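Please open the model in a viewer and keep the sequence panel visible. The tour below proceeds by selections, each followed by a description of what is found there.

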Amino acid sequence: MNEQADGGAVAVTGANSAVGKALLAQIAGRDTGRAVALVRREAALEGLPRSPRIASCVVTYEQPERLVETLAGADCVVHLAGILFESRTTSYRTGNVESTRALVAAAQSAGVRHIVLVSSLGADPRSSNGYFRSKGEAERLVIGSGLKATIIRTPLLLGPGTAGGRALLRTAAGRSARVLGGGSHRLRPLDVDDLCRAILGYCRESGASVRICAMVGPTILTQRELLQRTARLLGHDLTVRSTPVWLARLMTGLTGLIRTGGLTPAVIEVITSDEANLCVDRAPAGSLTPLSETLARLCETRAP
Ligand SMILES: NC(=O)c1ccc[n+]([C@@H]2O[C@H](COP(=O)([O-])OP(=O)(O)OC[C@H]3O[C@@H](n4cnc5c(N)ncnc54)[C@H](OP(=O)(O)O)[C@@H]3O)[C@@H](O)[C@H]2O)c1
């Protein structure tokens with residue numbers, strides 16, 4: 001039975017994330033389907049898309065009973081809570097691993113049938129990189145849950161509100177920019193709306209009990225090319241200069257001695273990874289938005 005089309009609820013963790021808002025906007029724009037939006041803080045409810053078919057709930061991952069209550073009645077949970085940048089309050093362990101552990105336990109107790117996890121290209125529980133390792137550990141928890149599991153490994157996500165989209169606009173806005181390694185690493189940016197359509201498709205699907213797929217955008221290009229294309233859409237040319245990756249790693253390694261989080265050697269490794277090499281297969285996601293359209297839409301969101 002097509003549960004979601006028939007009105008079964010999808011629970012969305014990290015609902016105030018960029019992906020969460022885009023997903024809820026798609027649910028709100030459809031004729032059927034209900035969602036429960038989970039956020040950790042009252043203030044995070046503010047910017048959520050509104051619809052009579054979207055309920056919301058403030059719950060933390062340290063409240064196991066409340067988490068179970070919140071998931072009751074959901075057929076599928078889309079787990080979006082997760083971080084790339086650590087901070088004084090959130091580490092890869094708490095943000096990516098322990099949140100997933102708590103979510104999996106609550107989903108099992110609440111009788112949720114299916115977990116969809118948005119993970120990252122490069123996720124690997126044996127990785128020497130703390131971010132990739134934590135994403136791999138989160139995947140392992142979902143795979144070991146005994147529930148139907150869909151894991152979508154994603155590249156840089158572009159769309160209004162994504163961290164990558166904001167950084168791209170900021171960097172491309174000037175006439176020249178200094179970027180790590182001259183931006184020579186290749187990217188496969190994915191439109192956040194394409195990801196959300198795929199997530200909703202997976203939520204409706206019955207079938208294989210564990211599925212791991214990579215979903216990437218239709219164009220491979222270097223970060224330098226991406227910046228220059230975006231700058232041209234903004235009406236100017238961009239000169240890209242290089243900050244050597246080794247120097248950035250050294251500097252962030254040193255600043256890491258006096259503060260936690262922000263730009264770290266681990267983050268530098270992630271954001272300069274070659275996404276064309278990390279991606280081995282791709283999800284059958286239907287037609288993808290051309291990069292030109294994604295970028296045009298992104299540039300429209302830039303304040304004049
Ligand atoms: N954006 C990308 O390019 C990209 C690429 C690959 C994978 N992903 C993954 O896709 C998912 C959504 O990404 P996004 O960019 O839309 O996220 P985002 O906008 O950065 O939002 C992060 C979400 O995680 C929550 N969070 C932060 N620390 C947490 C903790 N300790 N415990 C539980 N929740 C915590 C945040 O809640 P608060 O607001 O309460 O802190 C927020 O809801 C994430 O898992 C991300 O790692 C994203």
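Begin with the largest nonpolar core of this predicted model, which has 78 residues. Select Val12, Val19, Ala37, Val77, Val78 and Ile199, the residues with the most contacts inside this core. Next, colour helix α6, residues 192-204, which gives the most to the core, with eight residues. As general background, nonpolar side chains in soluble globular proteins tend to be buried together.

From the core, centre the view on Val19. Apart from neighbours within four places in sequence, Val19 is in contact with Leu80, Val118, Leu157, Val192, Leu195 and Cys196.

Remain with helix α6 and select Asp194, which lies in this helix. Is Asp194 buried or exposed? Asp194 is buried, because 24 other C-beta atoms lie within 10 Å and the threshold for burial is 20 or more. Now add Gly217 to the selection: Asp194 and Gly217 are 23 residues apart in sequence, and their C-alpha atoms are 8.7 Å apart in space.

Helix α6 also contains Arg204. Arg204 counts as partly exposed, since it has 18 C-beta neighbours inside 10 Å. Draw a distance from Arg204 to His114: these residues are 90 positions apart along the chain, and 9.7 Å separates their C-alpha atoms.

Now turn to a pair of helices. Select α3, residues 92-110, together with α4, residues 130-143. In general, two packed helices are described by the angle between their axes and the distance between the axes. For α3 and α4, the angle is about 5 degrees and the axes are 9 Å apart. The two helices are therefore roughly parallel to each other, as angles under 35 degrees are classed in this way.

To see the contact itself, display the side chains on both helices. On α3, the contact is made by Tyr92, Arg93, Asn96, Val97, Thr100, Arg101 and Val104. On α4, the participants are Gly130, Tyr131, Ser134, Lys135, Glu137, Ala138, Leu141 and Val142. Sorted by class, the contact of α3 with α4 has seven nonpolar, four polar and four charged residues.

Another residue to select in helix α3 is Ala105. Ala105 is partly exposed, with 16 other C-beta atoms within 10 Å. Between Ala105 and Leu141, which are 36 residues apart along the chain, the C-alpha separation is 9.6 Å.

Move next to helix α9, residues 265-271, and select Val270 within it. Which residues does Val270 touch, not counting those up to four places away in sequence? The partners are Leu84, Asn129, Tyr131 and Phe132. Val270 is buried, with 20 other C-beta atoms within 10 Å. For a further distance, select Arg249 as well: Val270 and Arg249 are 21 residues apart along the chain, with 12 Å between their C-alpha atoms.

Finally, zoom out to the whole chain. The secondary structure comes to 11 helices and 13 strands. The radius of gyration is 19 Å, close to the 19 Å that the globule rule gives for 304 residues, so the chain is as compact as a globular protein of that length. Rotate the C-alpha trace to view its principal axes, along which it spans about 55 × 40 × 40 Å. Colouring by burial will mark 43% of the 304 residues as buried. Of the contacts with a separation of 6 or more, 77% are between residues 24 or more positions apart.

Conventions
Residues are numbered from 1 along each chain as its sequence is written. This is a predicted model: local features need pLDDT of at least 70, side-chain atom pairs count only at pLDDT 80 or more; totals for chains, interfaces and linings use all residues. Helices (H or I, at least four residues) and strands (E, at least two) are DSSP runs, numbered from the N terminus. The radius of gyration is taken over C-alpha atoms; the globule rule is 2.2 Å times the number of residues to the power 0.38. A residue is buried if 20 or more other C-beta atoms lie within 10 Å of its own, exposed if 12 or fewer, and partly exposed in between; C-beta atoms are placed from the backbone. Two residues are in contact if their C-beta atoms, placed from the backbone, lie within 7 Å. A nonpolar core is a set of buried Ala, Val, Leu, Ile, Met, Phe, Trp, Tyr and Cys residues joined through C-beta atoms within 7 Å. Axes are lines fitted to C-alpha atoms, for helices over the stretch in contact, and angles run from 0 to 180 degrees between N-to-C directions. Angles under 35 degrees count as roughly parallel, over 145 as roughly antiparallel, 65 to 115 as roughly perpendicular and the rest as oblique. Ala, Val, Leu, Ile, Met, Phe, Trp, Tyr, Cys and Pro count as nonpolar, Asp, Glu, Lys and Arg as charged, and the others, Gly among them, as polar.
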